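Subject: The structure, and what turned up in it

Hi,

Here is the structure I promised to pass on. Have a look at it first, and then read on for my notes.

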Amino acid sequence: MAKFRDVAAFDDSASSGYTMLPWRFTSLDDERYVATNMAGEYLAMSREEIFDFASGRLPANDDLYTDLKSRHFLIDADTDVAVDLLALKVRTKLAPLANFTGLHIFVTTLRCEHSCPYCQVSRANDDKREFDMTEETAMRALDLVFASPSPAIKIEFQGGESLLNMPMIRFIVAEALRRNATAQRNLAFVIATNLAVLDEETLAFAREHGILMSTSLDGPADLHNRNRPRPGKNSHEKAIDGIKRARTALGHYNVGALMTTTAASLSRPREIIAEYIRLDFGGIFLRPLSPYGFAIKTKTYAAYDQRKWLNFYFEGLDYIIDLNLAGHEFIEHYAAMVLKKMLTPLQTSYVDLMSPAGIGIGAIVYNYDGTVYASDESRMLAEMGDTTFALGNVHDNNFAEIMLGEALLNPLEQSFAGSVPGCSWCAFEPWCGAEPVFHHATQGDFVGKKPLSSFCTRNMSVFRGLISRMEADPEVRRIFERWANIV
């Protein structure tokens with residue numbers, strides 16, 4: 001991996017007829033390299049083409065010259081508009097930062113009647129009401145929500161099992177709507193729930209207020225029930241019944257699902273995807289485990305390595321591509337979010353792919369006890385006894401103290417990918433994110449040693465895999481372009 005000036009040093013005697021704008025490159029496969037500019041536009045080139053471009057020997061009548069010029073890798077005597085266009089695209093990618101925090105997660109309770117071994121947070125028995133959020137805590141948290149300058153605010157209810165404290169959800173929705181009559185934000189609500197305790201009264205409330213629902217679905221019944229045990233051993237049955245009833249009440253596309261990959265999932269990507277298709281979902285997020293909470297305590301996280309997950313991921317991705325080639329439209333959502341950064345000048349709101357890191361500025365969490373965390377993963381880390389990313393408490397701190405404190409600014413500053421060793425010269429940096437919580441949890445600091453980072457290994461493999469598939473088949477590229485413009 002090298003910066004462009006290292007390649008240019010191959011031959012500094014050539015007289016260049018063009019000026020190179022900042023670009024970087026890295027290997028794509030055994031024969032090709034991928035080069036990117038500051039806005040994340042890319043070109044796949046052979047080593048000879050890289051050499052010719054970097055040494056100023058690329059002829060102006062070469063098709064590659066035209067491609068490089070149109071993608072703002074170079075300027076010449078005919079035009080210098082590329083500089084302005086490149087700057088505009090970079091500004092567009094960074095523009096969402098000005099909106100600040102848009103996603104506000106309320107942990108209404110830690111109570112849960114499931115006992116999932118991969119759960120990333122501590123949970124309490126469903127009779128332990130001391131782990132419920134109070135109205136006073138909710139009111140103070142809402143003060144912080146509406147202090148955010150974001151024109152769009154999404155309040156997401158999590159747990160535990162969030163519906164076990166349904167009175168608090170009702171209270172927060174009513175109070176948020178009352179405040180928003182004056183604030184005039186684009187306000188939305190999401191309930192994250194396993195659906196096992198979903199009743200008709202809750203559905204009627206969600207329908208009245210346009211509340212979306214998100215649930216967990218790990219695959220076919222035997223796999224889901226193994227991953228997500230509950231009394232009665234009917235987790236899958238409850239989830240499927242809840243999905244159907246929620247769709248009837250709220251609308252088909254207002255109910256989403258997420259899966260988590262366990263060791264038992266690794267040999268079954270096609271079956272998992274088939275279950276999502278059977279239930280008429282439009283896509284799936286092939287999501288790995290994270291190193292937090294019960295996933296660590298039960299050793300579930302250590303059950304497989306990145307290589308095994310990547311094999312699982314690409315088998316699933318290729319199956320999804322084949323489905324699309326056969327005429328069945330279906331999305332892999334992580335690929336779609338990456339492709340949005342690769343193929344458009346737009347940014348994704350997914351915290352793991354944001355740089356500066358999405359902690360605090362992309363999402364923030366209000367725990368049941370009023371503690372404010374920089375992200376959902378930060379709360380999970382705190383459940384393990386590490387409160388590094390606890391930003392304050394709604395009962396003790398105001399918006400400025402929480403958002404401008406060292407607990408947030410320090411990891412943001414240290415982990416900005418554009419200036420981090422190992423990231424700043426990486427060709428994939430425009431598409432990647434900064435994940436200080438992950439690296440702190442796995443390596444003990446906000447930056448981490450990138451060659452040892454499974455976060456980096458996973459993302460670089462995904463980036464290479466997506467580009468290789470696009471470059472090999474124009475039909476796949478058209479599918480990917482469609483995904484990039486949907487998410």
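A quick word on naming: helices (H or I, at least four residues) and strands (E, at least two) are DSSP runs, numbered from the N terminus. This is a predicted model, so to speak of local features pLDDT must be at least 70 and side-chain atom pairs count only at pLDDT 80 or more, while totals for chains, interfaces and linings use all residues. Residues are numbered from 1 along each chain as its sequence is written, and side-chain values use heavy atoms, with hydrogens and water left out.

**Domains**

The domain assignment splits out domain 1 (20-94) and domain 2 (100-267 + 346-404); such bounds come from an automatic or database domain assignment. Between the C-alpha centres of domain 1 and domain 2 there are 42 Å.

**Helix α4 and the pocket beside it**

Start with α4, which runs over residues 81-94. With 14 residues, α4 reaches 20 Å from its first C-alpha to its last, close to the expected 20 Å (that is 1.5 Å times one less than the number of residues). Which residues of α4 are buried? They include Ala-82, Leu-86 and Lys-93, where buried means under 20% relative accessible area, exposed over 50% and partly exposed in between, with a 1.4 Å probe and protein chains only. They cover an arc of only 35° around the axis, which puts them on the same side of α4; the arc is that of the directions from the helix axis to the C-beta atoms. It helps to recall that an α-helix has 3.6 residues a turn, so residues three or four places apart point the same way. Asp-84 and Arg-91, on the other side of α4, are exposed. Packed against the buried residues of α4 are β4 (32-37), β6 (74-76) and α13 (333-343), contact being heavy atoms within 4.5 Å.

α4 also matters for my pocket notes. On a 1 Å grid over the protein atoms alone, a pocket is an open set of points with protein on both sides within 12 Å along at least five of seven lines, a cavity is a set where a 1.4 Å probe fits but cannot get out, and lining residues have an atom within 4 Å of a point. Grid points are joined across faces, edges and corners, and a volume is the space filled by probe spheres set on the points. The second largest pocket has a volume of about 410 Å³. It is lined by 20 residues, and closest to its centre are Arg-24, Met-38, Gly-418, Glu-429 and Pro-430. Two elements, β3 (23-27) and α4, give two or more residues to this lining, and α4 gives the most, with three residues.

**The cavity**

Searching the whole structure turns up one cavity of 30 Å³ or more. The largest cavity holds about 40 Å³ of space, and among the residues lining it are Cys-423, His-439, Phe-446 and Lys-450.

**Helix α7**

α7 covers residues 200-209, and Thr-202, Leu-203, Phe-205 and Ala-206 are buried in it. Seen down the axis, these buried residues fall within an arc of 160°, so they line one face of α7. Glu-200, Glu-201 and Glu-208 are exposed on the other side of α7. The cover over the buried residues of α7 includes α6, β10 (212-216) and α9. Right after α7 comes Gly-210, with a positive phi near 65°.

**Loops worth a look**

- Where is Asn-367? It sits in the loop between β14 (363-366) and β15 (371-373). Asn-367 counts as buried because its relative accessibility is 3%. Leaving out residues up to four places away in sequence, Asn-367 touches Val-107, Met-133, Thr-137, Tyr-373 and Arg-379.
- The peptide bond from Gly-159 to Gly-160 is cis, with omega near 20°, and Gly-160 is in the loop between β8 (152-158) and α6 (166-183).
- Ser-355 to Pro-356 is a cis peptide bond too, with omega near 0°; Pro-356 is in the loop between α13 and β14.
- Lys-233 is not a glycine, yet has a positive phi of about 55°. Lys-233 lies in the loop between α8 (221-227) and α9 (235-250) and counts as exposed, at 74% relative accessibility.
- Asp-280, also not a glycine, has a positive phi of about 65°. The loop that holds Asp-280 runs between α10 (269-278) and β12 (283-284), and Asp-280 is partly exposed, with a relative accessible area of 47%.

Cheers
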